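Visitor: I am new to this structure and should be grateful for a close look at a single part of it. Please take me through that part step by step.

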Amino acid sequence: MASSRHKHVLTRTSPPVSRRLIRVALPVAAVATLASSAAAFAWTDDAEPQSAVAISRDVEPQVTPEPVSVRVEPISRSEERVRLEPKPPEVVDHAYATTKLNIWTGPGENSTFLGVVDWAEKVAVSGETQGAWAEIVVDEKSRWVRAEYLAEQKPKPEPEPEPEVEAAAEPAAPETGLSTAPCATGSDVESGLTSNAVAVHRAVCAAFPEVSSYGGVRPGDDGEHGTGQALDIMTTDGDAIAAFVQENADELGVSYIIWAQEIWSVEQASEGWRYMEDRGSTTANHYDHVHVTVY
């Protein structure tokens, strides 16, 4: 098929063959810079092409204007921004810390801990409170402390404790009025006794002057009589003496008492006097003396 437009035919040495012209037009937007014309090619129905047809260049190109894009610069997240600081709280008064006082960023221990206010330190307060918390002002910033540890008046230093007085070598007279004076008779029994055993001897001697015989240290004894921690008060009427020593056990430093085949001890005082097994004799069963062991 022949076009109405002018065209030039390119021939080859082989005989001409009938053709159908297939016009292939390139997109106008893609060839906007070409001011001449679009090209088209013709192919024969045979397997091998015989000629090509050039389209006239007098075709007016169609140019579609593209929209002009405006570039908007993105906002940088890393760029510093101006932040508005909250207005500093107003100072209305001052108070004093009555102890070392923790400072927090907010009214609660779930906030951030910042530091400590020293004892008796003066702090500025805003008068604002939230529950158990009070607002203070530090470097023109809001801070919070426990309100119960703030006071209007500066706390006074506590008086220094007085030095302890050393105990006297001789047993001191208890508040009960127990005598600590040497016994008028039988004082030689105190030789080798501990201070608590000596205190028992002197108190019993003053309270029961009718008793004149005592037993103290026994050389070779592997018990309390060997260490000077035991005293035997020789009597067959020892009920009152045993009760006296028991009543003043704390003041005299008594550990336990044995009398008439029964024992009483500080460690088991709630059980009272407890029965002891028969040891076979009056002395072994303590019917003729009150035995006292001290700490």
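Is Trp-104 buried or exposed, and what is its relative accessible area?

Guide: The model shown here is predicted. In this model Trp-104 is buried, with a relative accessible area of 13%. A residue counts as buried when that value is under 20%, so Trp-104 with its 13% falls in this class.

The ring of Trp-104 also takes part in a pairing. A search of the whole structure finds two aromatic pairs. One of them is formed by Trp-104 and Phe-113, whose rings lie 5.5 Å apart, centre to centre, with 65 degrees between the planes. An angle over 60 degrees counts as edge-to-face, and the pair of Trp-104 and Phe-113 is therefore described in that way. The partner has another degree of exposure: Phe-113 is partly exposed, with a relative accessible area of 41%.

The other aromatic pair consists of Phe-208 and Phe-244. Their ring centres are 5.5 Å apart and their planes stand at 80 degrees, so this pair is edge-to-face as well. Phe-208 lies in the loop between helix H1 (195-207) and strand E12 (214-215), whereas Phe-244 belongs to helix H3 (residues 239-247); the pair therefore ties together parts that are 36 residues apart in sequence. Both Phe-208 and Phe-244 are buried.

Helix H1, which precedes the loop of Phe-208, also contains Cys-205. A disulfide joins Cys-183 to Cys-205, with an S to S distance of 1.6 Å. In general, a disulfide is a covalent bond between the sulfur atoms of two cysteines. The count for this structure comes to one disulfide. The link connects distant parts of the chain, since Cys-183 lies in the loop between strand E11 (150-151) and H1, and Cys-205 in helix H1, 22 residues apart. The torsion about the S-S bond of Cys-183 and Cys-205 is about 55 degrees, so the disulfide is right-handed. Cys-183 counts as buried at 6% relative accessibility, and Cys-205 is buried with a relative accessible area of 10%.

These details may now be placed in the setting of the whole chain. Its secondary structure comprises four helices and 17 strands. Of its 295 residues, 31% count as buried, and Trp-104 is buried too. Among contacts between residues at least 6 apart in sequence, 54% join residues at least 24 apart. The accessible surface of the chain comes to about 21000 Å², and 52% of that surface belongs to carbon and sulfur atoms.

Note on methods. Residues are numbered from 1 along each chain as its sequence is written. This is a predicted model: local features need pLDDT of at least 70, side-chain atom pairs count only at pLDDT 80 or more; totals for chains, interfaces and linings use all residues. Side-chain values use heavy atoms; hydrogens and water are left out. Helices (H or I, at least four residues) and strands (E, at least two) are DSSP runs, numbered from the N terminus. Buried means under 20% relative accessible area, exposed over 50%, partly exposed in between (1.4 Å probe, protein chains only). Contact means heavy atoms within 4.5 Å. Accessible areas come from the Shrake-Rupley method with a 1.4 Å probe; for residues, only the protein chains shown count as cover. Rings of Phe, Tyr and Trp (its six-membered ring) pair if their centres lie within 6.5 Å; planes under 30 degrees apart count as stacked, over 60 as edge-to-face and the rest as tilted. A disulfide is a pair of cysteine sulfur atoms within 2.5 Å.
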